[in-house]
Structure formats: structure tokens, C-alpha cells
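Open the model in your viewer and keep the selection box at hand. Each stop below says what to pick and what is there.

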Amino acid sequence: MNQLENRTVKEINLKDLYRVIKRRLWLVALIATLATTAGWFYSNLNKTAPIYQASSNIIIDADPAYKNTLQVIIKDITVIEKVIQELGIENSPETLAGQINVESIEDSQVVKISVTDTDPERAANIANTTARIFKGQIPKVMEFKSVSVLSEAKVNPFPINENNQNKIILGAMIIGIMIGIGLIFLIDSLDDSIKSEHDIESILGIPVLGSISKINKKNVTKRKIKSEKLELRGESIGLK
């Protein structure tokens, strides 16, 4: 018996929750739409340009100390200026040097030259040109010839920085729905008016034996017209 009562109470509560949400569903839709629109504007105002990366690998056949010195020369102004002149880049040597990263691969003789840029093709061109010019300049600067290009950089069409625009818009929409539902329950909790038979039973503690449906002017007019038609039909049948 207790299980049946608990099940009945649970069903009533779920129905009440459904009715509360359904009654003001437009409010959820409105707030979700406003939140989604705000998220779209925010994501567009804070939208970052995609950044692409390309890497070229070279081999420097030297001891670790000497190799570290050679790695520093890769980003030296003498190499960077020649890269700018050859490719016709408008960036300053300092800016271009900041786009280039040089690192050894697992303490081997292989050195990776990575370049980041807003253009994937330009990033690959800068990496390959830097490696080639460095290889040509080293014999002139330090009389060192044991530098060779292991692999050239290829165009990478995928940006390394993630575009969070869709995530921001989706998150704003979900937050808007949650706020809308929360606001609905807040308004309902502050509303003391009687909305259903269940409310009457809860307040008075007695069962409801019957109810009268809502009568409005439109329904009364329809019933009156229908009644008049039936009377006219009855009179016409009587005349016959």
C-alpha cells in the first residue's frame, strides 16, 4: 500500500513539474535565445585569428656545446634579415624571430625549426627558407659545413589554436535554459493562486468531488448559436 501511495505521489509531482514548465515554456525559450545571441556576439568580439605551424628538420653534426651555439645563430638577425628579403615579408626581424622556435629532438643531432603564422603556406615557406639560409651562412660565419636538411616543412591546413566559438554559443544556450527553468520555478513558488484540484486538496485536506470547466464568452456564444439552430431545425420538422 505504501509503495502504491509513493508511486502516486511521485506521478503527481512529476505532472505538477511538467505543468509548471509547460505553462511558462515561452520564458525558457526567450531567455535561451537571448543567452545564445549574447554568446554569439561575445565569441565574435573575442574571436582570435587561426594560427598555423610548420616545421623543418635539419641535422647538425657537432658536439652538444657547439650545436647549441649553432642553434642560436638560426634566429640571429643575419639569418632572419635574409629570410625577410628573400620572401618579401613585411615583419620586422624581431617579430619574425619571435615566430621561430628552435629545439633539439630528444638530445639527438636533429634540430627542429618550427614557425607559427596566420598563413599556413607562409609558415612552411619561412621554415624551409630559414633552414636553407642557415645551412648556407654557417660555412661563412664559422667554417662549419656539417649541416644538412633532413626534411622540409609541409603546409599544415589545421590551426594549432582551437576555435571555441561553437563551445561558447552552446554553453550560453545551456546556461540560458537552466536560468529559464530556475526562473519558472521561482515565479511559481511565489505564486499563491490555486491552479489545480490537487492544490485545493492540499490546502483544505478534503477530496474534490467535481469541477466546473471554465466558461468564457466565446464558448457561451457558440452554445447559444448551436441551440438556436437546433430549435429552428425542430420547428421546420414540426411544420412538415
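The tour goes from the whole chain to helix pairs and then to single residues.

**Before you start**

This is a predicted model: local features need pLDDT of at least 70 and side-chain atom pairs count only at pLDDT 80 or more, while totals for chains, interfaces and linings use all residues. Residues are numbered from 1 along each chain as its sequence is written, and side-chain values use heavy atoms, with hydrogens and water left out.

**Stop 1: the whole chain**

Select the protein chain and show it as a cartoon. It has nine helices and four strands. Helices (H or I, at least four residues) and strands (E, at least two) are DSSP runs, numbered from the N terminus. Along the sequence the order is α-α-β-α-α-α-β-β-α-β-α-α-α.

Now switch to a surface. The protein chain exposes about 17,200 Å², and 58% of that comes from carbon and sulfur atoms. The area is a Shrake-Rupley value with a 1.4 Å probe; for residues, only the protein chains shown count as cover. Of the 240 residues, 25% are buried. Buried means under 20% relative accessible area, exposed means over 50%, and partly exposed lies in between (1.4 Å probe, protein chains only).

Next, contacts, meaning heavy atoms within 4.5 Å. Take those in the protein chain with a separation of 6 or more: 75% of them join residues 24 or more positions apart.

**Stop 2: α2 and α7**

Select residues 25-45 for helix α2 and residues 165-190 for helix α7. Their axes come within 7 Å and cross at roughly 150°. Axes are lines fitted to C-alpha atoms, for helices over the stretch in contact; angles run from 0 to 180 degrees between N-to-C directions. The pair α2 and α7 is therefore roughly antiparallel. The cut-offs: under 35 degrees is roughly parallel, over 145 roughly antiparallel, 65 to 115 roughly perpendicular, and the rest oblique.

Color the contact of α2 with α7 by residue class: 18 nonpolar, seven polar and no charged residues. Nonpolar covers Ala, Val, Leu, Ile, Met, Phe, Trp, Tyr, Cys and Pro; charged covers Asp, Glu, Lys and Arg; the others, Gly among them, are polar.

**Stop 3: α3 on α6**

Select residues 64-74 for helix α3 and add α6. Helix α6 spans residues 120-142. The axes of α3 and α6 come within 10 Å and cross at roughly 120°. That makes α3 oblique to α6.

Show side chains. From α3, pick Tyr 66, Thr 69, Leu 70, Ile 73 and Ile 74; they meet Thr 130, Phe 134, Ile 138 and Met 142 in α6. By class, the contact of α3 with α6 has seven nonpolar, two polar and no charged residues.

**Stop 4: α4 on α6**

Keep α6 and swap in α4, residues 77-87. How closely do the axes of α4 and α6 come? They come within 9 Å and cross at roughly 125°. This pair, α4 and α6, is therefore oblique too.

On the α4 side, select Val 79, Lys 82, Val 83, Glu 86 and Leu 87. Their partners in α6 include Asn 125, Ile 126, Arg 132 and Gln 137. The contact of α4 with α6 divides into six nonpolar, four polar and three charged residues.

**Stop 5: Asn 125 and Ser 56**

Stay on α6 and center on Asn 125. Its relative accessible area is 35%, so Asn 125 is partly exposed. Draw a distance to Ser 56: the C-alpha atoms are 9.8 Å apart, with the two positions 69 residues apart along the chain.

Now center on Ser 56, in strand β1 (residues 52-60). Is Ser 56 buried or exposed? Ser 56 is buried, at a relative accessible area of 1%. Beyond neighbours within four places in sequence, the contacts of Ser 56 include Val 111, Ile 113, Ala 127, Asn 128, Val 149 and Ala 153. The C-alpha atoms of Ser 56 and Ala 153 are separated by 4.4 Å, though the residues are 97 apart along the chain.

**Stop 6: Ser 92**

Finish at Ser 92, in the loop between α4 and α5 (93-99). Ser 92 counts as partly exposed, at 30% relative accessibility. From Ser 92 to Ile 80, 12 residues apart along the chain, the C-alpha separation is 9.1 Å.
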